[in-house]
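Here are some notes to read alongside the structure. Please keep the sequence at hand and go through the points in order.

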Amino acid sequence: MEVRARAPGKIILAGEHAVVHGSAAVAAAIDLYTTSSLRLLPAGEDGGADAVELDLRDSGLTFSWPCSGLCGALGEVSGKAGAPTPCSPEELSAIAKLLEDQEIPEAKIWLSAGLSAFLFLYTSILGCRPGKAVVTSDLPIGSGLGSSAAFCVSMSGALLTAAGAVGIGGGSGAEWELFGKDDLELVNQWAFQGEKIIHGKPSGIDNSVSTFGSMIKFKKGELTNLKSRNPVKMLITDTRVGRNTKALVAGVSERASRYPDAMASVFHAVNSISEELSSVVESAAEDEIAITSKEDKLAELMEMNQGLLQCMGVSHSSIETVLRTTLKYSLVSKLTGAGGGGCVLTLIPMRILFIFPDCIFSFIV
Ligand SMILES: Nc1ncnc2c1ncn2[C@@H]1O[C@H](COP(=O)(O)OP(=O)(O)OP(=O)(O)O)[C@@H](O)[C@H]1O
Ligand SMILES: C[C@@](O)(CCO)CC(=O)[O-]
Ligand SMILES: [Mg+2]
């Protein structure tokens, strides 16, 4: 039987990086998904290839590990589908050795973090059973739209379903079944362990919004659902400048240890911006004047947050170019996700849509 699970990417409206240091942040799921499908193979099937295979369809790369090699490197992992145990340093170095035998093209070496997360999640949940996973994604990888979290959430969902640990069973006939709350909690916990392998020190916001969807406020591991009362339109521009969340998060932590007082004030200011933005999002605006005033506040808060992200050292000349370009049209932008390149959000006020009703923008939050 084949199991398929999908999980969305996200945008962060306020609070990235500061959220790693305990501030609040606001994120929303977007309509772009990563899908993981999984087929468990009875031992000896498929021409006798007792292996765990990962097919990364978008990159055209397939990886394969003989089950005996996995057991040899990681021990007789029996697979457990309850609450996760974090990946130990010993496991991580055994996984790194398993990757050495794979031919990862130099230009795609960044995939090794995702492969490590895959091997950890697969062997921890299913043990060394043979199986084949296929991953496809609508998301640009490493661009701030939460590709790593969507990868970990969809893979954890597929693995836990194959292990019989989650899933509603029976099927309602809908194209995609929704997991119940407890199942989502379990998927989220496993995905967080995968994110730790990819990110080093994730706050948990990306895997949480990818697992639970919608718009959330996230602070110190606590999630609050936000009810957005009016549609807010955002343009997402991908600078196509590659970057790596792990390195950017580490850079901010280093700056925070060099200037603890200054950075504590920055994180405190971001916390206030996220709290303020959450209440603006939840406030109801009934007429055009109220909508404009709400959008002006959102734009101002985004602009303030962008200034503080510059202060943290995570902007980039490509991001600044987008900011300057949109400012020519009186539009406010901020980076989203880890920065250093990647994607930029631009708030598109309703008044522009009234003037140019046929304009098509990329995403609706
Ligand atoms: N579809 C995928 N297949 C394989 N690996 C993936 C996939 N999506 C993400 N990854 C892994 O995640 C890494 C990108 O994660 P990273 O956190 O740096 O960027 P992001 O998640 O896109 O952005 P952000 O964390 O800022 O939202 C890739 O280098 C790769 O190792
Ligand atoms: C940069 C960061 O704040 C968001 C990345 O989307 C990292 C995290 O919270 O894990
Ligand atoms: Mg990420």
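Which residue takes a positive phi just after α10?

1. That residue is Gly313, with a phi of about 85 degrees. The model is a predicted one, and the points below should be read with that in mind.

2. Helix α10 covers residues 288-312. At 1.5 Å a residue, its 25 residues should span 36 Å, and the end C-alpha atoms are 36 Å apart, so the two figures agree. The expected figure is 1.5 Å times one less than the number of residues. The buried residues of α10 are Lys294, Glu295, Leu298, Leu301, Met302, Asn305, Gln306, Leu308, Leu309 and Met312. To read such a list, recall that an α-helix has 3.6 residues a turn, so residues three or four places apart point the same way.

3. Helix α9 (residues 260-282) passes the length check too: for 23 residues at 1.5 Å each the expected span is 33 Å, and the end C-alpha atoms lie 33 Å apart. Among its buried residues are Val266, Phe267, Val270, Ile273, Leu277, Val280 and Val281, and the list also includes Asn271, Ser274 and Ser278. What do the buried residues of α9 pack against? Their partners are the strands β1 (2-14), β2 (25-40), β6 (215-219) and β7 (222-226), together with helix α10.

4. The protein chain is divided into domain 1 (2-223) and domain 2 (228-364). Their centres, taken over C-alpha atoms, are separated by 28 Å. Contact between them involves 30 residues of domain 1 and 36 residues of domain 2. On the domain 1 side, β1, β2, α6 (181-199) and β6 each give two or more residues. By class, that side has 15 nonpolar, 11 polar and four charged residues.

5. The largest nonpolar core has 98 residues, and those with the most contacts inside it are Ile11, Ala25, Ala27, Leu121, Leu159 and Leu277. Helix α4 (residues 111-126) gives the most to this core, with 11 residues. Both domains give residues to the core, so it lies between them. As general background, nonpolar side chains tend to be buried together in soluble globular proteins.

6. Ala25 deserves a separate look. Leaving out residues up to four places away in sequence, Ala25 touches Ile12, Ala14, Gly15, Glu16, Ala18, Val19, Ile205, Phe218 and Ser274.

7. Where does ligand 1 lie with respect to domain 1 and domain 2? Both domains give residues to its shell, so ligand 1 lies between them. There are 24 residues around this ligand, and Gly114, Ser147, Ser148, Thr245 and Gly337 come nearest. At least two residues of the shell come from each of α4, β5 (131-137), α5 (147-162) and α6. The shell has 10 nonpolar residues, 13 polar and one charged.

8. Ligand 2 also has a shell built from both domains, so it lies between them. Of the 15 residues around ligand 2, the nearest are Glu16, Pro202, Ser203, Gly337 and Ala338. Helices α7 (205-212) and α8 (245-258) are the elements that give two or more residues to this shell. The classes here are seven nonpolar, six polar and two charged.

9. Is Glu103 buried or exposed? Glu103 has 6 other C-beta atoms within 10 Å, so it is exposed; the cut-off for exposed is 12 or fewer. Glu103 sits in the loop between α3 (89-100) and α4. From Glu103 to Asp138 there are 35 residues in sequence and 25 Å in space, C-alpha to C-alpha.

Note on methods:
Residues are numbered from 1 along each chain as its sequence is written. Chains are lettered from A and ligands numbered from 1 in the order in which they are written. This is a predicted model: local features need pLDDT of at least 70, side-chain atom pairs count only at pLDDT 80 or more; totals for chains, interfaces and linings use all residues. A residue is near a molecule or strand if its C-beta atom, placed from the backbone, lies within 6 Å of it. Helices (H or I, at least four residues) and strands (E, at least two) are DSSP runs, numbered from the N terminus. Ala, Val, Leu, Ile, Met, Phe, Trp, Tyr, Cys and Pro count as nonpolar, Asp, Glu, Lys and Arg as charged, and the others, Gly among them, as polar. Domain bounds come from an automatic or database domain assignment. A residue is buried if 20 or more other C-beta atoms lie within 10 Å of its own, exposed if 12 or fewer, and partly exposed in between; C-beta atoms are placed from the backbone. Two residues are in contact if their C-beta atoms, placed from the backbone, lie within 7 Å. A nonpolar core is a set of buried Ala, Val, Leu, Ile, Met, Phe, Trp, Tyr and Cys residues joined through C-beta atoms within 7 Å.
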